[in-house]
Amino acid sequence: MIAELVAEIGPLRQQRHQAALASRPRRRAVGAGAKHKLVFVDRLLATLVHLRHGATHDVLACWFGVDRSTITRAIGEVRPLLAQRGCTIASGLRLRTLAEVIDHLGENGRSGIIDGTEIRVRRPAAGRKDRDKFISGKNKQNAVKSMVFTDADGRLLYCSPAEPASCADITHARKLGLVRLLSGGPAVEILADAGYQGLGAQTGGRVVTPPHRKFKKNAPDWYEEIHEQRRKAHSARRIRVEHGIAHLKNWRALARHHGRREHMSDIIQAVAALLSHQQSAILTTDERV
């Protein structure tokens, strides 16, 4: 996996570096300037260890024998490159946007599952006007929210940029353009929980949520039995997205509230890209066997 990442991301990093040098008004001679103490492979490895195991920059600096600031710059450089990779579905196929995910499911006639997940972040400083935006009404903590999109097998297809946790799941989906993509796109079935109720009517029934209760009080016994069967059937199909989110949270960068809020979108999408790459590699190996 490391060799594949180096072969894929290395040229992109070199292009960015050369573009940054060319944009400077004062040009340097070829070979001039400070020399990197960390080669690109080590920068990539430090970033992966940080995301997977939550090792601090100080610890990584000791391991690689460099300054803490060198590790910070390396992670800040590599993490956006990983986030731009998108989710690997199969060899030669990568999904980077929500529109590409909807088209992919429509072409293959498959169902999708969506759900929101929250990641804790540091509390904004006192006096900031948007301080309350990050407070989650569900967990009563400062967090950001991302929408996770998987297929019916729980394979990760898309992970959205982060929004403050006060944003409702259905509002986040609308901001991402899910209603527009489903209304004018292919007939794709999307399973969702009760947090997305209302999207079904706006997308022509493409978003399927748990059944509504017609009787709030004194419901007949026959209705309770049917409602419970339908609810369990829907939950059994939708549970795969929870497994996908659990795999994401195995990466310590998403299970602990360290890091800046403005970096969380890059962190979430970078972890999603790495995890989907692993899932694709495992699936390819199983198919060969």
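Start by selecting A173. Leaving out residues up to four places away in sequence, A173 touches M147, L178, Y196 and L199. The model on screen is predicted.

**Stop 1: A173 and helix 6**

Keep A173 selected and colour its helix. A173 belongs to helix 6, residues 169-175. Is A173 buried or exposed? A173 is buried, and its relative accessible area is 1%. Now add G116 to the selection. G116 sits 57 residues from A173 along the chain. Draw a distance between the two C-alpha atoms, and it should read 9.2 Å.

**Stop 2: H172**

Next, select H172. H172 is in helix 6 too. H172 has a relative accessible area of 2%, so it is buried. Which residues does H172 contact, beyond its neighbours within four places in sequence? Show K145, S146, M147, S160, P161, E163 and C167 as sticks. M147 appeared at the previous stop as well, touching A173.

For a long view, select L93 together with H172. L93 and H172 are 79 residues apart in sequence. From C-alpha to C-alpha, they are 26 Å apart in space.

**Stop 3: The cysteines**

C167, a contact of H172, leads to the next topic. Select C167 and C159. How far is the sulfur of C167 from the closest cysteine sulfur? That closest sulfur belongs to C159 and is 15 Å away, too far for a bond. C167 is buried, with a relative accessible area of 9%.

Now go to C87. A disulfide is a covalent bond between the sulfur atoms of two cysteines. The cut-off used for such a pair is 2.5 Å. The cysteine sulfur nearest to that of C87 is again in C159, at 7.2 Å, and C87 is in no disulfide. C87 is buried, with a relative accessible area of 4%. How many disulfides does the count give? The count is zero.

**Stop 4: The cavity**

Stay with C159, since C159 is also one of the residues lining the largest cavity. Rolling a probe the size of a water molecule over the atoms shows where empty space is left. The structure has one cavity of 30 Å³ or more. The volume of the largest cavity is about 40 Å³.

Select the whole lining: T117, I119, S146, V148, C159, I245, L248, K249, L254 and I268. S146 is also a contact of H172.

Colour the lining by element. Strand 3 (112-120), strand 4 (143-151) and helix 9 (221-249) each give at least two residues. Which element gives the largest share? Helix 9 does, with three residues.

Then colour the lining by class. Seven residues are nonpolar, two are polar and one is charged.

**Stop 5: Helix 3**

Move to helix 3, residues 57-64. Its buried residues are H57, L60 and A61. Turn the view until you look down the helix axis. The buried residues fall within an arc of 105 degrees, so they line one face of helix 3. An α-helix has 3.6 residues a turn, so residues three or four places apart point the same way.

What do the buried residues of helix 3 pack against? Show helix 2 (40-53) and helix 4 (68-83), which are their packing partners. Rotate to the other side of helix 3, where C62 and W63 are exposed. Then step on to G65, which follows helix 3. G65 has a positive phi, near 70 degrees.

**Stop 6: V208**

Select V208, in strand 8, residues 207-208. V208 is partly exposed, with a relative accessible area of 26%. Show its contacts, leaving aside neighbours within four places in sequence: E189, I190, L191, A192 and H234. Add G198, which is 10 residues from V208 along the chain. The C-alpha atoms of V208 and G198 are 9.5 Å apart.

**Stop 7: Zoom out**

Clear the selection and show the whole chain. How many helices and strands are there? The protein has 11 helices and eight strands. The C-alpha trace spans about 80 × 55 × 35 Å along its principal axes. Colour by burial next: of the 289 residues, 43% count as buried.

Last, turn to the contacts between residues at least 6 apart in sequence. Of these, 63% join residues at least 24 apart.

Notes
Residues are numbered from 1 along each chain as its sequence is written. This is a predicted model: local features need pLDDT of at least 70, side-chain atom pairs count only at pLDDT 80 or more; totals for chains, interfaces and linings use all residues. Side-chain values use heavy atoms; hydrogens and water are left out. Buried means under 20% relative accessible area, exposed over 50%, partly exposed in between (1.4 Å probe, protein chains only). On a 1 Å grid over the protein atoms alone, a cavity is a set of points where a 1.4 Å probe fits but cannot get out, and a pocket is an open set with protein on both sides within 12 Å along at least five of seven lines; lining residues have an atom within 4 Å of a point. Grid points are joined across faces, edges and corners, and a volume is the space filled by probe spheres set on the points. Helices (H or I, at least four residues) and strands (E, at least two) are DSSP runs, numbered from the N terminus. Ala, Val, Leu, Ile, Met, Phe, Trp, Tyr, Cys and Pro count as nonpolar, Asp, Glu, Lys and Arg as charged, and the others, Gly among them, as polar. The arc is that of the directions from the helix axis to the C-beta atoms. Contact means heavy atoms within 4.5 Å.
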